[in-house]
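Open the model in your viewer and keep the selection tool at hand. Each stop names what to select and what is there.

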Amino acid sequence: MNDVKWERYGAAAGLIFVILLLVSGFIPGSPPAPDDSAQEIHEYFRDNDTTLKVASYLAGLSIFPFLIFLGVLWSRVRSGGDETRRLATILAGGGVVAVGLASVGTVITATTAVRIRELAPEGAKFFFTFSGVATGMTAFAVAVLVAAVSVAALRARAFPAWLGSAGLVLTLAWLVAGVSITTDSTGFGVFGFIVFLLWLLWVLVISFFLYRPQQQTA
């Protein structure tokens, strides 16, 4: 199988990943704010336990296409020669760590949904916060992934230079969004969600350029 076919498979995987993640994020409805009362958070899990379980499954399922996308992206960046081989390793590391941290957050959410009728409101709020902090830690790993791809775009033209510049801005935004792990401020939560949506758009743009032959991308 040639590189063009693999890159198109990677592009399709990126699209499927985004779709699964969006569906998993929106089907449970609007989540409570981190600073909501324990009773409100408990009621959210109790009233949406089934959809939260489905959402958790879809989030887990999204790991499959994401790792295909990540592997193809690694190969594209690595093909730039000696200058980009280290960047390829860095982006792969960031992607794998991000999957691990996001999985921890999803596991905590799923467990809370499964056992919500055995939890007191204070317990539900604790695990809701725990899940949010674990998920928030992915900001730093995703920042590494985006930064490595962006540098490869700027230095080796693995992708268009403008995408590299935009990626560096997105990297900075992810690092700022990481502040959410230190506070229950709703403002940082909203900012992090916006950055997350922009990252999904970034994945779609990367997938678009993976679909095209590398000569056209350059």
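Which side chain meets D49 in a salt bridge? Select D49 and R117: their side chains form the bridge, at 2.8 Å from N to O. Keep in mind that this is a predicted model.

**Stop 1: D49 and R117**

Colour the two ends of this bridge. D49 sits in helix 3 (residues 49-61), and R117 sits in the loop between helix 5 (82-114) and helix 6 (121-136), so the pair ties together parts 68 residues apart in sequence. Now turn on the surface. D49 counts as buried, at 12% relative accessibility. R117 is exposed, with a relative accessible area of 60%.

**Stop 2: R46**

Next, select R46, in helix 2. R46 is partly exposed, at 33% relative accessibility. Its side chain meets that of D47 in a salt bridge, 3.4 Å from N to O. D47 counts as exposed, at 54%. Then show what else R46 touches: leaving out residues up to four places away in sequence, these are I116 and R117. R117 is also the partner of D49 from the previous stop. Put a distance label on the C-alpha atoms of R46 and I116: the separation is 6.1 Å, across 70 residues of chain.

**Stop 3: E7 and R76**

The count of salt bridges comes to 4. One of them joins E7 to R76, with the closest N and O atoms 2.6 Å apart. E7 lies in helix 1 and R76 in helix 4 (residues 63-78), so this pair links parts 69 residues apart in sequence. Are these two residues buried or exposed? Both E7 and R76 are buried.

**Stop 4: the nonpolar patch**

Go back to the surface and select L15, I19, V23, I27, V54, V190, I194, L198, L201 and L204. Together they make a nonpolar patch of about 790 Å². Two elements give two or more residues each: helix 1 (3-26) and helix 9 (186-211). Helix 9 gives the most, with 5 residues. Pick out I27 in the patch: this residue lies in the loop between helix 1 and helix 2 (38-47). I27 is partly exposed, with a relative accessible area of 35%.

**Stop 5: R157**

Move to the loop between helix 7 (138-156) and helix 8 (161-177), and select R157 there. Check its backbone: phi is positive, about 55°, although R157 is not a glycine. Most residues other than glycine have a negative phi. R157 is partly exposed, at 42% relative accessible area.

**Stop 6: helix 8**

Follow the chain into helix 8. Its 17 residues should span 24 Å at 1.5 Å a residue, and the end C-alpha atoms are 24 Å apart, which agrees. Select L163, G164, G167, L170, T171, A173, W174 and A177: these are buried. What do the buried residues of helix 8 pack against? They pack against helix 7 and helix 9.

**Stop 7: the whole chain**

Zoom out and colour by secondary structure. There are 10 helices and 0 strands. The radius of gyration is 18 Å, close to the 17 Å that the globule rule gives for 218 residues, so the protein is as compact as a globular protein of that length. The C-alpha trace spans about 55 × 35 × 20 Å along its principal axes. Of the 218 residues, 41% count as buried. The protein exposes about 10,900 Å², and carbon and sulfur atoms supply 68% of that area. Finish with a contact map: among contacts between residues at least 6 apart in sequence, 76% join residues at least 24 apart.

Technical notes. Residues are numbered from 1 along each chain as its sequence is written. This is a predicted model: local features need pLDDT of at least 70, side-chain atom pairs count only at pLDDT 80 or more; totals for chains, interfaces and linings use all residues. Side-chain values use heavy atoms; hydrogens and water are left out. Helices (H or I, at least four residues) and strands (E, at least two) are DSSP runs, numbered from the N terminus. Buried means under 20% relative accessible area, exposed over 50%, partly exposed in between (1.4 Å probe, protein chains only). Patches are made of residues with over 30% relative accessible area and no salt bridge: like charges are joined within 9 Å, nonpolar side chains (Val, Leu, Ile, Met, Phe, Trp, Tyr) within 5 Å. Accessible areas come from the Shrake-Rupley method with a 1.4 Å probe; for residues, only the protein chains shown count as cover. The radius of gyration is taken over C-alpha atoms; the globule rule is 2.2 Å times the number of residues to the power 0.38. Contact means heavy atoms within 4.5 Å. The expected span of a helix is 1.5 Å times one less than its number of residues.
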